[in-house]
Amino acid sequence: QLQNKILILTICAAGIGGTFQYGYNISIINAPTSYIQTFMNETWLERTGIPLESNVILLLWSFTVSAYPLGGLTGAVAAGPMAIMLGRKMSLLLNNVFVIIAAVLSGFSRMAKSFEMIMLSRFFTGVNAGVSMNIQPMYLAESAPKKLRGAVALTSASFTALGLVLGQVVGLRELLGGEESWPFLLASNVVPAVIQLTALPWLPESPRYLLIDRGDKESCISALQKLRGNSDLGAELEEMLAEQAAVKGQRAKNPWELFQNPALRWQLMSIVVLSSAMQLCGNDSMYFYAAYVFQEAGIPQDKIPYVVIGTGSCELITSVTCNMIIDYAGRRPLLLGGYIFMAGWAIVFMVALSQQTQISWMPYLSMACIFAYILSFGIGPAGVTGVLPTEVFDQMSRPAAYMICGSLLWFNLFLVGTAFPFIVKSLAHFCYVPFLVVCICTALYVGFFLPETKGKSFLEISEEFKKRNFKAQTHAVFYKGPEEIKSTML
């Protein structure tokens, strides 16, 4: 029983300073929006004696918001080399330096009368999230026993959702979302960092990393004993040694080498399609719409923040449910079901938005759609996407695969964040058409091309992909499909 405790502690220690920060920092910035914009204006007025025009304030604000995904992109690219050189655990610990810098910058920004400090702090917060989004699922999936691998790696998604909800709660006016306390709200992300710095050092490093990257068998066995206890380690060690033999003499690969390698073609295509779809499916834009739809549904303005917490809780509930069923249901059905349901709800949502003013109960239908859409996203795509790169790539390609995955994720987050207001302007009620197309294409890709990975060892999975990669050369015709799908995706 003690070993299960060690595994659970490892999950919590990695999660609280890892993907929890990603969710938390996305949602804490929403509450103080108007206060920070006022602060920018006042600071500028003090410096120059001229107030800022409203469109300039908006521009400065969008810089502040987009500093986060740009930091994330930087972090995602840095995560690969960090994971290889420092190890998984050490990278997660060092990663907290970025949050501490960010918390100091944003906490003192009002005292220093500098809104540039807020922008910089958002950038550093992004770097932290970028590193942890890549390294945490890798660390956990490599430390978990095979039959629990999906569930353990998926806790990353649960921690993201938990961060979202807690960020929404802490951002309420009664807590830290008031006009006086916003610098403390933005600096509150230092708390999870401190918790991680005190807890994680006592827990073991990823056994796979110790054996395959470092070639240190003793440390690997002692880490395994801590994580598994007295249960028979023979089979698991044998599997790792087989994987070590399979990658013998290779060094860790760079991202561009993955693109050149024909043996990785399908794995790469799968993560490119799925990581892009995760941001391009419009789930984050639902949060953008939430406040407007709730207002239309007649919920009083001051109660809306509480209802928005409901949407965050939806994602939390489903990602925890998904955790429980992923190793029974498998990866494919969850992804497929998630995207098909989202496509369905997107259609209903657009119809409901267009009839919002005509039919009295339509606002309630669009409200239900928001919850349903977020639930469908949480049950599959939210969690499974982060688990796949660990499962479909070997130890030498894994950090590079996460760099590609993470870079796409952040780039698309930036893209959607920048483009969505314009999409709404031009397409009005039909703003979900692009997202609908993405959901349908992704569902088709998963249905036709993605093999199931549950309960298989890493070697078995790469064997299965090998068959696919080299089958494509004999049937040149068969290979046409995904090319077309890919072009519509991006």
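This briefing walks through selected helices, a surface patch and several salt bridges. The structure is a predicted model. One helix to watch is α6, with 24 of its 28 residues buried. The model holds 14 salt bridges, and one of them ties α6 to helix α20.

**Helix α6**

- Helix α6 covers residues 116–143.
- At 1.5 Å a residue, its 28 residues should span 40 Å. The C-alpha atoms at its ends are 40 Å apart, so the model agrees with that expectation.
- The helix has a kink of about 25°. That kink is centred on S132.
- Most of α6 is covered, since buried means under 20% relative accessible area and 24 of the 28 residues are buried.

**Helix α3 and what follows**

- Helix α3 has 16 residues, numbered 33–48.
- From first C-alpha to last, α3 reaches 23 Å. That is close to the 22 Å expected at 1.5 Å a residue.
- Its buried residues are Y35, I36, Q37, F39, M40 and T43.
- Those buried residues pack against three helices: α4, α6 and α8. Helix α8 covers residues 182–187.
- G49 comes just after α3 and takes a positive phi of about 80°.

**Helix α5 and the nonpolar patch**

- Helix α5 runs over residues 88–107 and includes S91.
- Is S91 buried or exposed? S91 counts as buried because its relative accessibility is 0%.
- Leaving out residues up to four places away in sequence, S91 touches M82, A83, L86 and I135.
- A nonpolar patch lies on the surface, formed by M85, L86, M90, L94, V97 and I101. Together these residues have about 510 Å² of accessible area.
- Which helix gives the largest share of the patch? Helix α5 does, with four residues.
- M85, also in the patch, belongs to helix α4, residues 54–85. M85 is exposed, because its relative accessible area is 61% and the cut-off for exposed is over 50%.
- L86 appears twice in this picture: L86 is one of the patch residues, and L86 is touched by S91.

**F371 in helix α18**

- F371 sits in helix α18, residues 362–379.
- Its relative accessibility is 21%, so F371 counts as partly exposed.
- Setting aside neighbours within four places in sequence, F371 is in contact with F294, V307, G310, T311 and C314.
- How far apart are the C-alpha atoms of F371 and L94? They are separated by 37 Å, and the two residues are 277 residues apart along the chain.

**A buried salt bridge**

- Side chains of opposite charge can pair when their charged atoms come close.
- E142 forms a salt bridge with R398. The closest N and O atoms are 2.8 Å apart.
- E142 lies in α6 and R398 in α20 (residues 398–427), so the pair ties together parts that are 256 residues apart in sequence.
- Both partners are out of reach of the surface by the accessibility cut-off: E142 is buried at 0% relative accessible area, and R398 is buried at 0%.

**A salt-bridge network around E239**

- K146, R208, E239 and E243 are linked in a network of salt bridges.
- E239 forms a salt bridge with K146, with the closest N and O atoms 3.8 Å apart.
- That pair links distant parts of the chain, 93 residues apart. E239 is in helix α12 (residues 234–246), while K146 is in the loop between α6 and α7.
- E239 also forms a salt bridge with R208, and here the closest N and O atoms are 3.8 Å apart.
- This second pair links parts that are 31 residues apart: E239 in α12 and R208 in helix α10, residues 207–213.
- How do these residues differ in exposure? E239 counts as partly exposed at 22% relative accessibility. K146 also counts as partly exposed, at 33%. R208 counts as buried because its relative accessibility is 4%.

Note on methods: Residues numbered from 1 in each chain as written. Predicted model: local features only at pLDDT ≥ 70, side-chain atom pairs only at ≥ 80, totals over all residues. Heavy atoms only, no water. Helix = DSSP H or I, 4+ residues; strand = E, 2+ residues; numbered from the N terminus. Expected span 1.5 Å × (residues − 1). Bend = angle between axes of the 7 residues up to and from the residue. Buried < 20%, exposed > 50% of the residue type's maximum accessible area, 1.4 Å probe, protein only. Contact = heavy atoms within 4.5 Å. Patch = residues over 30% accessible without salt bridge, like charges linked within 9 Å, V, L, I, M, F, W, Y side chains within 5 Å. Areas by Shrake-Rupley, 256 points an atom, 1.4 Å probe, with all protein chains shown as cover. Salt bridge = Lys/Arg side-chain N within 4 Å of Asp/Glu carboxyl O.
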